Structures are given as structure tokens and as C-alpha cells.
Amino acid sequence: MHFERLTHNSAALIGCLAWIPLAIWIMACVNWSITGDIDPIMGFFGVFMAVGLGYEAINPPVPELAPLTVIAIFITVLMFPFVRAAMDRRQLRGIDIDALEKAYEALAIRPDNVIAKFKIARVLFDLGMCGHALRIGEGLVPNMPQRFFLDELRTVRKWQMMQIEARFFNPIMCAECQTSNPAGNLFCQKCGSAFLLDFAKGRVVGKRLGKKLIATWIALVAFLVGIPAAKALPPAACIATVLTMITVAACMVYFSFKDPTGGIAQ
């Protein structure tokens, strides 16, 4: 009797402690949904799954479910810093996108603005588009006297000393007219649009990583805890619940990993 009471008290304590990381996760999902870092639907399911985990941690429908719930909560604790880091990186890259937009706005006013052009190259390099940044920088060298552009020339030489892989020099397709533009172009060679800005917005700072991580977490929790918990329901309700959870989890993972241009994102 004493052992059973001790076991019950320990389980209750673990269940209460489990709400600490889950509460942090719930607040984070709400915040990410409000700020637009993740889709509201994804945020809703994230909150729903966390609340379900918290409930099952205190009142497991079947005794065998308790260790699975603890494992699912442990996965949540481990995944949170990765999702948070992904969101932070997106916010930092969003600052670079703003700088890129301002540089293109400056070029619209003064097409010969060398400083704005080099700013575009520098931001592109920071965003990982180093091949295109190098070609733009090299093209600006003749227009940058050393006495006025010493820092910029040093930066270009530093880029030239790096062993940049050939794939970073691959042409980029214009989102407006589908024209393939080689590295070094600031504007589309056919329609004149700022194709690099469109590419950076759509490919570099999208919400994809956060969506992938949260969708994966939802799927793991559904299969690890949700499906075993459904065993406590009547047979018909159990089958319907399991099929619903599998369908929802599969759809969320598919649409999170699906490339907007078609196919599955790598």
C-alpha cells in the first residue's frame, strides 16, 4: 500500500512537472502563430497536442501509456531549442531581406549607385548566395577606386580567396518571366525585375524549417502517444480516432515538406 501510494505521488509529481516545458511550448506556438512564423493551423495543432500530452501525463488513460508520454515530453524539450533557433535565424535573415530591398530601392533612384550594388552583393553573400555575390563584386571592382572603396575591395579579394563550390554559381530563374539569369546579374536580363530579391524572399527566408520541425513533432506525438491512447476508446471510436490522427499527421508532414514549386523539398 505504501509503495502504491509512493508510486502514485511520484507519477502525479512527474505529471505536474511535465506542464512546465509544455507551457513554454504552448506559449511559443501561440507567439509564432501571431507573428506569422508558422501557420495558425500548425500552431493550433501544436497547442492541441501539447495540451493532450499534459493531460495524459497527469491522467494516462492506460497505465502502459505513462512512459510513452514521458518520452514524448522529452522529445518536446529536445525539439524546442531547434525550433527556436530556426525561428531566430529566420528573423535575422528577415533583417538581411529588408537591407536588400532598401538597396534595390536606392538603385531605382540612382542606377549607377555603386554602394547600393555592393550592398546587394554583401547581403547576398550573408544569405548564402555567395557565387552571385562574388560575380557582382568582381563586376564592380573597375568602378571602385581604391582610395574610396578600400574595405569593399578587400572584401571582394577575401571572397575570391575562398573555394566557393560551382553550384553557388548556378543561374537563377526569374520569378516574373522564367528567364535563367547567370551569376553577376542584378536584374533579370529579359524583364528587368529584381529576381535576386524574389529568390531570396522565396527560397532563403521562408517558414519551411520551423514548419518541418513542428510537423515532425506532431506526427511523432500522434504515433507515440495518440494512437496507444486511443486503445482506451470503444472499438469503433478507436479505429476512427486512429485513422483521423494518421491522416492529419500525414497531411501536415506532406504539406510541410512539399516544395511550393512542386515535389518534395529536400
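**Exercise 1. Classify Arg 110 by its exposure, then find its salt-bridge partner.**

*Solution.*
Step 1. Arg 110 has 45% relative accessibility, so it counts as partly exposed. The band for that class runs between 20% and 50%.
Step 2. This is a predicted model. In it, Arg 110 pairs with Asp 112 in a salt bridge.
Step 3. The closest N and O atoms of Arg 110 and Asp 112 are 3.6 Å apart. The cut-off is 4 Å, so the pair qualifies.

**Exercise 2. Work out which parts of the chain the salt bridge between Arg 122 and Asp 151 links.**

*Solution.*
Step 1. Take the contact: the N to O distance between the side chains of Arg 122 and Asp 151 is 3.6 Å.
Step 2. Place the residues. Arg 122 sits in helix H4 (residues 114–126), and Asp 151 in helix H6 (residues 150–161). They are 29 residues apart, and the pair links distant parts of the chain.
Step 3. Check exposure. Arg 122 has a relative accessible area of 26% and is partly exposed. Asp 151, at 47% relative accessibility, is also partly exposed.

**Exercise 3. Assign Glu 165 and Arg 167 to exposure classes, and give the distance between them in their salt bridge.**

*Solution.*
Step 1. Glu 165 has a relative accessible area of 44%: partly exposed.
Step 2. Arg 167 has 51% relative accessibility. Exposed means over 50%, so Arg 167 counts as exposed.
Step 3. The closest N and O atoms of Glu 165 and Arg 167 are 2.8 Å apart.
Step 4. Set this in context: the whole structure holds four salt bridges.

**Exercise 4. Describe the lining of the second largest pocket.**

*Solution.*
Step 1. Start with volume: about 330 Å³.
Step 2. Count the lining: 16 residues. Nearest the centre lie Phe 48, Met 49, Ala 222, Gly 226 and Met 245.
Step 3. Trace the helices. H2 (40–58), H8 (208–229) and H9 (235–257) each give at least two lining residues. H2 supplies the largest share, six residues.
Step 4. Sort by character: eleven nonpolar, four polar and one charged.

**Exercise 5. Decide which residues have pLDDT under 50, and compare their contacts beyond four places in sequence.**

*Solution.*
Step 1. Begin with the whole protein. Mean pLDDT is 77, and 78% of residues reach 70 or more.
Step 2. Residues 1–9 stay under 50, with zero contacts beyond four places in sequence.
Step 3. Residues 259–266 also stay under 50, but have 15 such contacts.
Step 4. Where pLDDT is low, predicted coordinates should not be read in detail.

Note on methods:
Residues are numbered from 1 along each chain as its sequence is written. This is a predicted model: local features need pLDDT of at least 70, side-chain atom pairs count only at pLDDT 80 or more; totals for chains, interfaces and linings use all residues. Side-chain values use heavy atoms; hydrogens and water are left out. On a 1 Å grid over the protein atoms alone, a cavity is a set of points where a 1.4 Å probe fits but cannot get out, and a pocket is an open set with protein on both sides within 12 Å along at least five of seven lines; lining residues have an atom within 4 Å of a point. Grid points are joined across faces, edges and corners, and a volume is the space filled by probe spheres set on the points. Helices (H or I, at least four residues) and strands (E, at least two) are DSSP runs, numbered from the N terminus. Ala, Val, Leu, Ile, Met, Phe, Trp, Tyr, Cys and Pro count as nonpolar, Asp, Glu, Lys and Arg as charged, and the others, Gly among them, as polar. pLDDT is the predictor's confidence in each residue, from 0 to 100. Contact means heavy atoms within 4.5 Å. Buried means under 20% relative accessible area, exposed over 50%, partly exposed in between (1.4 Å probe, protein chains only).
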